[in-house]
Amino acid sequence: MAILAFFLAHWMLAGFAQTFFLHRYGSHKMFIMSKRWECFFYIFTFVTQGSSYLNPRAYAILHRLHHAHADKPEDPHSPVHSKNVMDMMLRTYRIYSDILYKRSEVGKQFDLNVPEWKTFDRIITGNVVYPLVFILLYLLFYIRFANRWWHWLLLPVQVVMGPVHGAIVNWCGHKYGYRNFDNPDRSTNALPVDFLTLGELFQNNHHHDPGNPNLAAKPHEFDPAYPVIQWLAKTRIIQMRPGNTSS
């Protein structure tokens, strides 16, 4: 029971950090927050993603490139141009690393107004100690509480949870499901109630209206992260941009 609770809590919290901070805030600026709260969610993302922490600036640029070139050869993570999900994720990792370590030039339009905490990034980026510490903590928890053989199958997923989330969203969200809108890409909605990735699998809706903080578009659809965003707006932790409702 402890292992399942730990895994599910890690899955949901890391997923929320990805969809709320990295994606909806960092990439699209669907809402506004103070620098203090930005630093808070920077650390929240680092702690919840753990050993698979994704740098907010690099993620934002990568995702903006995805929207600019959705399902075209230049798309950093499209199943259309990949043999399998592993091939897609390896390509994504190479492009992400080049952005992270500034080995590749990106257009200024992709690098504007991205979340960046230079002091924090300087300490974390490229430092293998932090991922190893997280992996050790996960391992110690499993040694203490794992009492079924199949519990150990969950540990590798926790170690690479960020890429696992990305693989599910980018592969399934452009390959399986239904389409509400006739977008010029192959984006789909994989689930009508996205309990798995907290709204990220509404890719067809999102590519149709990338500035909308509610990724669900039809009455039968539900984006679990959106009520949390509404609450954060009501408590003034974030401010919705004009045209984006928090009601």
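**Helix 1 against helix 3**

At what angle do the axes of helix 1 and helix 3 cross, and within what distance do they come? In this predicted model, the two axes cross at roughly 65° and come within 9 Å. Angles of 65 to 115 degrees count as roughly perpendicular. Helix 1 and helix 3 are therefore roughly perpendicular to each other. Their crossing is right-handed.

Helix 1 brings Q18, F21, L22, H23, G26 and S27 to this contact. Helix 3 answers with P56, Y59, A60, H63 and R64. The contact of helix 1 with helix 3 holds five nonpolar residues, five polar residues and one charged residue.

**Helix 1 against helix 6**

Helix 1 also packs on helix 6. The angle here is about 155°, and the axes lie 9 Å apart. That makes helix 1 roughly antiparallel to helix 6.

On the helix 1 side, the residues are A2, I3, F6, F7 and H10. They meet Y138, F141, Y142 and F145 of helix 6. Eight residues of this contact are nonpolar, one is polar and none is charged.

**Helix 4 against helix 8**

Helix 4 covers residues 85–100, and helix 8 covers residues 161–172. They pack at about 115°, with axes 10 Å apart. This crossing is right-handed.

V85, M88 and M89 make the contact from helix 4. From helix 8 come P163, G166, A167, N170 and W171. Six of the contact residues are nonpolar and two are polar, with no charged residue.

**The largest pocket**

The largest pocket has a volume of about 970 Å³. It is lined by 43 residues. Closest to its centre are S52, Y53, L54, Y96 and P163. P163 also belongs to the contact between helix 4 and helix 8.

Which elements give two or more residues to this lining? They are helix 3 (56–68), helix 4, helix 6 (129–145) and helix 8. Helix 4 supplies the largest share, with nine residues. By class, the lining has 25 nonpolar residues, 17 polar residues and one charged residue.

**The second largest pocket**

The second largest pocket has a volume of about 170 Å³. Its lining consists of N55, R57, L100, Y101, K102, E116, K118, D121, R122 and T125. Helix 5 (residues 118–124) gives the most, with three residues.

How many residues of this lining are charged? Six are charged, while two are nonpolar and two are polar.

**The cavity**

How many cavities of 30 Å³ or more does a search of the whole structure find? The search finds one. The largest cavity has a volume of about 40 Å³.

G15, Q18, H165, V169, L196, T197 and E200 line the largest cavity. Helix 1 (2–27) and helix 8 each supply at least two of these residues. Four lining residues are polar, two are nonpolar and one is charged. Q18 appears in this lining and also in the contact of helix 1 with helix 3.

**Threads to follow**

Helix 1 is a good place to start. Helix 1 meets helix 3, meets helix 6 and helps to line the largest cavity. Helix 8 comes next. Helix 8 packs against helix 4, gives residues to the lining of the largest pocket and supplies residues to the lining of the largest cavity.

Notes
Residues are numbered from 1 along each chain as its sequence is written. This is a predicted model: local features need pLDDT of at least 70, side-chain atom pairs count only at pLDDT 80 or more; totals for chains, interfaces and linings use all residues. Side-chain values use heavy atoms; hydrogens and water are left out. Axes are lines fitted to C-alpha atoms, for helices over the stretch in contact, and angles run from 0 to 180 degrees between N-to-C directions. Helices (H or I, at least four residues) and strands (E, at least two) are DSSP runs, numbered from the N terminus. A crossing is left-handed if the near helix is turned anticlockwise from the far one by less than a right angle, and right-handed if clockwise. Contact means heavy atoms within 4.5 Å. Ala, Val, Leu, Ile, Met, Phe, Trp, Tyr, Cys and Pro count as nonpolar, Asp, Glu, Lys and Arg as charged, and the others, Gly among them, as polar. On a 1 Å grid over the protein atoms alone, a cavity is a set of points where a 1.4 Å probe fits but cannot get out, and a pocket is an open set with protein on both sides within 12 Å along at least five of seven lines; lining residues have an atom within 4 Å of a point. Grid points are joined across faces, edges and corners, and a volume is the space filled by probe spheres set on the points. Angles under 35 degrees count as roughly parallel, over 145 as roughly antiparallel, 65 to 115 as roughly perpendicular and the rest as oblique.
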